[in-house]
Amino acid sequence: MNTAEFTATRRSIGFHEAAHAVVAALLGQKILWTEIHPDGYAETVPDTNIFLRLDEPFQSRRTMLIAMAGSAAQCRCMDRDIQWSPEGGNDKRLVEEIAETAGLSPDDFSTVNAILSKDDVWEIVSRLADALVTCERLEGQDLTDRLPDCDPVLCKTVGVFPLPPRSASVGLHCDFP
Ligand SMILES: [Zn+2]
């Protein structure tokens, strides 16, 4: 791979990870960190709440759209038809597992593409992708500051319930004698 190809690949992986994080934020799923390594390894890690169950249709739909956003953004940034990218293999396997519960087709990118094609959303994805290529890893406030707020209207439109604030879902109080 020459330098230009390497740069283009890193940029497209930056878009891939940034889109996972941005769509997660819009759908109310907190992200702990997102990173891309020089060797090509990349990941975006959601804050998995123990009360979220993938067998619930709304959580499966949220997870599906977040998973599909990576490949969709990669194709968009390269001006290609929206489909699963080679780097989206794990995302695709996850989506195929939960598609039935979610009630969505694992190859139908229309919903996630509609989300990403909004100018303000794509602008945020682009800026986060650039930041990721430069910083390699973003987390905490540095990441939160670059992400959009949860969009309750979008959540409703795609059939996903916004998550309660973190503080409302922790603090299980067990009284042992
Ligand atoms: Zn991915």
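Just after helix H2, Asp 79 takes a positive phi of about 60°. That's a handy place to start in this predicted model, since Asp 79 is not a glycine. The residue is found in the loop between H2 and helix H3 (89-102). Asp 79 is exposed, with 6 other C-beta atoms within 10 Å.

Step back from that loop into H2 itself. This helix covers residues 57-77, 21 residues in total, and spans 30 Å from its first C-alpha to its last, close to the 30 Å expected at 1.5 Å a residue. Along the way H2 bends by about 30° at Ala 69. Is the helix enclosed by the rest of the structure, or left open? Of its 21 residues, 19 are buried, so H2 is largely enclosed by the rest of the structure. Set that beside Asp 79 just after the helix, which is exposed.

Now for the sheet. Strands like these pair through backbone hydrogen bonds, either parallel or antiparallel. Here three strands make an open sheet, ordered E2-E1-E3, and the pairing is antiparallel. The edges belong to E2 (42-46) and E3 (137-139); each has a single partner strand, so one side of each is left without a neighbour in the sheet. From one strand to the next, the twist averages 5°. Strand E1 (residues 31-36) is joined to E2 by five bridges, and Ile 36 stands opposite Ala 42 in E2.

Two helices go with this sheet. Helix H1 (residues 3-26) lies across E1 and E2, and runs at about 175° to E1. Helix H5 (residues 119-135) also packs on the sheet, where it touches E1 and E3, its direction making about 120° with that of E3.

Follow the chain from H5 towards E3 and you meet Glu 136, in the loop between the two. Its phi is near 70°, again a positive value in a residue other than glycine. Is Glu 136 buried, exposed or partly exposed? It has 15 C-beta neighbours inside 10 Å, so Glu 136 counts as partly exposed, while Asp 79 has 6 such atoms and is exposed.

Finally, a word on confidence. The chain averages a pLDDT of 88, and 87% of the residues score at least 70. Among the elements, helix H4 (residues 110-116) has the highest mean pLDDT, at 97, and helix H8 (residues 166-169) the lowest, at 46. Over residues 166-171 pLDDT stays under 50, and the model has four contacts beyond four places in sequence for this stretch.

Key: Residues are numbered from 1 along each chain as its sequence is written. This is a predicted model: local features need pLDDT of at least 70, side-chain atom pairs count only at pLDDT 80 or more; totals for chains, interfaces and linings use all residues. pLDDT is the predictor's confidence in each residue, from 0 to 100. Helices (H or I, at least four residues) and strands (E, at least two) are DSSP runs, numbered from the N terminus. Two residues are in contact if their C-beta atoms, placed from the backbone, lie within 7 Å. The expected span of a helix is 1.5 Å times one less than its number of residues. The bend at a residue is the angle between axes fitted to the seven residues ending there and the seven starting there. A residue is buried if 20 or more other C-beta atoms lie within 10 Å of its own, exposed if 12 or fewer, and partly exposed in between; C-beta atoms are placed from the backbone. Two strands pair if DSSP finds at least two bridges between them. Axes are lines fitted to C-alpha atoms, for helices over the stretch in contact, and angles run from 0 to 180 degrees between N-to-C directions.
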